[in-house]
Amino acid sequence: MTELIFPDGFLWGTATSAHQVEGGNSNSDWWEWERRPGSPCRDQSGAAIDHYNLYANDIALLADLGFNAYRFSVEWARIEPTEGAFDQAQLDHYVDVVEQCRKRNLVPMVTLYHFSLPVWVAAKGGWLSDETPKLFERYVRTVVEAFGDLVDWYCPINEPGVVSFGGYMGALGFPPGLHGVANWNAASKRLIDAHCRARAAIKAIRPSAKVGLANSMQEWDSNAGGKPIIEYARRQAEDIFLEAAGEDDFIGVQTYSRTRIDLPRPVGWLTRAALAIGPIERAVVETTVKRQTGNDPTFDNRSGIRRTQMGYEYRPEAVAATVRRVAEMLPGKPIVVTEHGVATSDDAERIEFITRGLASLHPLIGQGIPLLGYVHWSAFDNFEWVLGYAMQFGLIGVDRETQERKPRPSASFLGEIARTNRLRAD
Ligand code: BGC
């Protein structure tokens with residue numbers, strides 16, 4: 001039995017996002033998206049797990065379990081329900097969420113946009129509109145002024161690469177349901193602009209705050225044939241955002257799995273350029289979408305692979321690969337794992353996932369990579385976007401009839417690691 005000891009002050013947290021847990025987020029594009037005819041969503045978010053009302057108890061529960069940080073998101077659609085009209089009662093609500101965290105000695109880590117836009121922003125074109133980054137900046141300024149010195153950690157935008165790929169490239173079934181590389185690139189550009197504007201606004205109001213990109217990243221793997229696609233996909237989905245985050249105070253790494261793409265022969269750069277809207281993006285889309293549904297993806301048809309409820313390869317160590325990659329691209333930049341988790345009905349698999357993930361991360365600290373914290377997705381079972389309530393990511397299960405919280409063994413397991421700042425590993 002060995003003990004892996006983490007640095008003093010290491011952040012141990014869990015994460016949620018507003019639309020996935022609060023319930024009643026009826027002024028958002030996702031709420032509409034869930035209800036429109038032919039919606040790809042399996043469920044409607046509805047009351048979710050009523051975190052909007054139960055947050056104080058939820059935060060107390062997380063603190064009692066042993067955590068010292070809580071990452072959650074503020075909902076733009078609640079704060080600015082119509083253009084330019086900021087709702088003071090909603091700002092007060094989120095100030096109280098932050099205060100509850102502080103009262104319970106949880107460091108609040110605030111995400112300012114986690115996939116859901118106010119309907120009026122979506123109606124203007126969402127992330128295809130040049131106005132959206134500016135509107136986002138104004139909303140961010142309002143929230144950060146309201147929080148004042150209560151918040152030290154901000155992630156302006158959750159997974160910009162997932163937003164543009166999922167909603168504008170046509171993968172994942174996210175709103176607004178657009179397709180094509182041109183839309184994908186245009187949305188990514190606006191999201192980068194919004195991130196940079198938000199960072200500047202936050203730093204202007206609160207210079208000591210730490211602002212970081214929350215980047216969705218995977219471990220990528222391929223045969224020789226798949227390599228050019230991997231490089232293209234990784235650049236589009238991850239690297240362009242990291243390149244824009246050079247001035248960030250930290251990078252949030254969010255990793256769930258490994259993607260392998262095998263192709264019979266390499267697709268060369270010239271061929272790819274000639275097929276500007278063709279097999280390359282189709283490959284990227286198919287890989288991701290089929291991973292989501294659990295079917296064998298065309299380009300990831302390895303059999304006998306252990307998979308999660310999401311259809312992802314069960315690969316806890318992917319998180320170390322992505323942290324290493326950030327350290328290579330941005331040497332010396334502080335890193336926080338802001339999401340890592342697994343959808344499973346077997347909580348023992350979650351305990352194994354946490355153990356193996358942390359065991360893979362620990363040596364990186366010894367190698368000098370400034371890893372400051374580990375935040376697990378998710379605190380609770382919640383609304384998993386298009387896949388709805390069937391996915392079980394939570395350390396804590398929830399009976400949605402009664403809204404009773406049911407901590408799983410993995411919650412005490414990770415809470416104990418947090419409390420002691422160490423992992424006992426065989
Ligand atoms: C997102 C979460 C999501 C999780 C699990 C991340 O991409 O930030 O909203 O629930 O992955 O799929």
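Modeller: Contact here means heavy atoms within 4.5 Å. Helices (H or I, at least four residues) and strands (E, at least two) are DSSP runs, numbered from the N terminus. This is a predicted model: local features need pLDDT of at least 70, side-chain atom pairs count only at pLDDT 80 or more, and totals for chains, interfaces and linings use all residues. Residues are numbered from 1 along each chain as its sequence is written, and side-chain values use heavy atoms, without hydrogens or water.

Colleague: Let's start with helix 5. What do its buried residues pack against?

Modeller: They pack against helix 1 (18-21), helix 3 (51-65), strand 3 (69-73), helix 4 (76-79), strand 4 (107-113) and helix 7 (131-147). The buried set is Gln90, Leu91, His93, Tyr94, Val95, Val97, Val98, Gln100 and Cys101.

Colleague: Take Gln90. Why is Gln90 called buried?

Modeller: Buried means under 20% relative accessible area, exposed over 50%, partly exposed in between (1.4 Å probe, protein chains only). Gln90 has 15%, so it counts as buried. The residue lies in helix 5 (residues 88-103). Leaving out residues up to four places away in sequence, Gln90 touches Tyr52, Arg78 and Ile79.

Colleague: How do you know that the length of helix 5 fits its residue count?

Modeller: The expected span is 1.5 Å times one less than the number of residues. Helix 5 has 16 residues, with 22 Å expected. From its first C-alpha to its last, helix 5 reaches 22 Å, close to that value.

Colleague: And what is found at the two ends of helix 5?

Modeller: At the start, a side-chain oxygen of Asp87 comes within 2.9 Å of the backbone nitrogen of Ala89. Just after the helix, Asn105 has a positive phi of about 60°.

Colleague: How does helix 14 do on the length test?

Modeller: Helix 14 (residues 347-366) has 20 residues, so it should span 28 Å. Its end C-alpha atoms are 30 Å apart, which agrees.

Colleague: What makes Asp346 a cap for helix 14?

Modeller: A side-chain oxygen of Asp346 lies 3.0 Å from the backbone nitrogen of Ala348, at the N-terminal end. Beyond helix 14 comes Gly368, with a positive phi near 95°.

Colleague: Which residues of helix 14 are buried?

Modeller: Among them are Phe353, Ile354, Gly357, Leu358 and Leu361. An α-helix has 3.6 residues a turn, so residues three or four places apart point the same way.

Colleague: On to the ligand. Which residues are closest?

Modeller: Gln20, His114, Asn158, Glu159 and Glu384. In total, 13 residues surround the ligand. A residue is near a molecule if one of its heavy atoms lies within 4 Å of it.

Colleague: What makes the pair formed by Glu159 and the ligand a polar contact?

Modeller: A polar contact is a pair of N or O atoms within 3.5 Å; within protein, one must be able to donate a hydrogen and the other to accept it, and residues adjacent in sequence count only if both atoms are side-chain atoms. A polar side-chain atom of Glu159 is 2.5 Å from a ligand oxygen, so the pair qualifies. Gln20 has a polar side-chain atom 2.8 Å from an oxygen of the ligand. For Asn158, a side-chain N or O atom is 2.9 Å from a ligand oxygen. Taken alone the ligand exposes 310 Å² (Shrake-Rupley, 1.4 Å probe), and the protein buries 93% of that.

Colleague: How do the shell residues divide?

Modeller: Six are nonpolar, four polar and three charged.

Colleague: Asn158 again. Which residues have a side-chain polar contact with Asn158?

Modeller: Gln254 is one, at 3.0 Å. His114 is another, also with 3.0 Å between side chains.

Colleague: How do you know that Gln254 is buried?

Modeller: Its relative accessible area is 0%, so Gln254 falls in the buried class. Gln254 sits in strand 7 (residues 250-261). Its contacts include Arg71, Glu159, Thr338 and Glu339.

Colleague: Why does His114 count as buried?

Modeller: Its relative accessibility is 4%, so His114 joins the buried class. His114 is in the loop between strand 4 and helix 6 (119-123). Its contacts include Gln20, Arg71, Trp377 and Trp385.

Colleague: And Tyr113, buried or exposed?

Modeller: Buried, at 2% relative accessibility. Tyr113 lies in strand 4. A 3.0 Å polar contact joins its side chain to that of Trp127. Tyr113 also touches Phe136, Pro156 and Asn158, among others.

Technical notes:
Ala, Val, Leu, Ile, Met, Phe, Trp, Tyr, Cys and Pro count as nonpolar, Asp, Glu, Lys and Arg as charged, and the others, Gly among them, as polar.
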